[in-house]
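Colleague: I'm new to this one, so could you walk me through it? Let's have it on screen first.

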Amino acid sequence: MKAMTKTLLATTITGLFSVSALAADFNLKIQSSDPSGDLNYKVQQNWAERVEKMSDGRIEIDLLPVGSVVKHTETLGAIKMGILDGQVTATGYFSGKDPAFGLIGNMVGAWSDTTQLLQYMNYGGGNELMTELYAPYGVKFVGASTTGVESFISKKPIDGVDDLKGLKLRAPEGLVQQVFAAAGATPVNLPGSEVFTGLSKGVIDAADYTVFSTNQKAGMNDIATHPVQPGFHSLPLIDISISQKKWDKMPEDLQTILQTSVRDFSYDMTTQLKMADQAAVKEAQANPNITIHNWSDEERKKFREIAKTQWKVFAERSPNAQKVYDSVTTFLESNGLL
């Protein structure tokens, strides 16, 4: 009996040491702004798994889909309060806290390719600026990603700026609405969840929504059969950020692993979405009821000139927004992109 007791005790102690050895040094509860079924979220899950492997289990990420703990517009405050440890989100969602987030989060018409935005963030001062903007919230900006230049959904043929006049379109509040209004369109406030219904019922004729592949999968192009692809307007900044307190407690090697992993994540995200878009375009082209419109360089330039006037107006809303405007336009000019 004593022998059996000793054996059980030894087994229990061994098991406890094994669990202790496997326990992560840092557990991060991170909320995404994407639903669990989206390709975006699946790419984020792969990133979380890679971080665990790269850190040899010292970092464990509990990734949660949009709305799991707080609304997608509330994650920044939730990190500051300690409710969440981090976020994978579109920076523009926080424009209500500071217009600077709306400007750097989606500077409408500024970027024509994902590499341009990521070059600015990683090598043109964008990462440093985001670090500065997030500091008052107790949040550490780890790194940048993006999706792809978003497609434009439309029930009517849209071949240039003149076709936007009077068009009822869904656009998120802030700079996006401001630019489309300046182009002559009639922006309508609708949450993303109501875009399909709004198009079906004629509440709107067009929408700024997301990338082509997601639109195609959701059936948007079946009811709005005149999509514009490649898009001409929107390329959102996606950021991965964590609690500054958690960051400060991490040793330098784990900080480096996180930052390096985000660079890898951004390549994975943009590449997979680009591949998905290419496949979706082929599928749409095979449907005789769908006509894909591709704006000429001249029309894209016209839209951008309108957008540039609104960047200036938006920049006047806060000192930080002016910093963003100066930083981005300086980068664009120095690289011959403006």
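**A loop, a strand and a sheet**

Modeller: Let's start with Val66, which sits in the loop between β2 (59–64) and α3 (75–81). Keep in mind that this is a predicted model.

Colleague: Okay, is Val66 buried, partly exposed or exposed?

Modeller: Buried would need under 20% relative accessible area, and exposed would need over 50%. Val66 comes out at 31%, so it falls in between and counts as partly exposed.

Colleague: And which residues further along the chain does Val66 touch?

Modeller: Take Ser32 to begin with: it is 34 residues away along the chain, yet the two C-alpha atoms are separated by 5.2 Å. Leaving out residues up to four places away in sequence, the contacts of Val66 are Gln31, Ser32, Ser33, Asp34, Pro35 and His72.

Colleague: Ser32 again! Which residue in β3 does Ser32 stand opposite?

Modeller: Ser32 belongs to strand β1 (residues 26–32), which pairs with β3 in the parallel sense over three bridges. In that pairing, the residue facing Ser32 is Val88.

Colleague: Which residue in β9 does Thr89 stand opposite, then?

Modeller: For this one we go to strand β9 (residues 237–243), which pairs with β3 in the antiparallel sense over five bridges. Thr89 is matched there with Asp239.

Colleague: How many residues of β3 are buried?

Modeller: In a regular strand the side chains alternate between the two faces of the sheet, so it helps to check each side. On one side of β3 are Gly86, Val88 and Ala90, on the other Gln87 and Thr89, and all are buried. For the strand, residues 86–90, that makes five of five.

Colleague: Now the other sheet, the open one of four strands: which are its edge strands?

Modeller: The strand order in that sheet is β5-β8-β6-β7, with mixed pairing. A strand at the edge pairs on one side only, and here those are β5 (152–154) and β7 (186–188).

Colleague: By how many degrees are neighbouring strands of this sheet turned against each other?

Modeller: That is an average, with direction ignored. The value is 30°.

Colleague: Which residue in β7 does Leu169 stand opposite?

Modeller: Look at strand β6 (residues 168–170), which pairs with β7 in the parallel sense over three bridges. Across from Leu169 you'll find Pro187.

Colleague: Last one: what angle does the direction of helix α7 make with that of β7?

Modeller: Helix α7 (residues 175–182) packs on this sheet and touches β5, β6, β7 and β8 (206–208). Its direction against that of β7 makes about 155°.

Key: Residues are numbered from 1 along each chain as its sequence is written. This is a predicted model: local features need pLDDT of at least 70, side-chain atom pairs count only at pLDDT 80 or more; totals for chains, interfaces and linings use all residues. Side-chain values use heavy atoms; hydrogens and water are left out. Buried means under 20% relative accessible area, exposed over 50%, partly exposed in between (1.4 Å probe, protein chains only). Helices (H or I, at least four residues) and strands (E, at least two) are DSSP runs, numbered from the N terminus. Two strands pair if DSSP finds at least two bridges between them. Axes are lines fitted to C-alpha atoms, for helices over the stretch in contact, and angles run from 0 to 180 degrees between N-to-C directions. Contact means heavy atoms within 4.5 Å.
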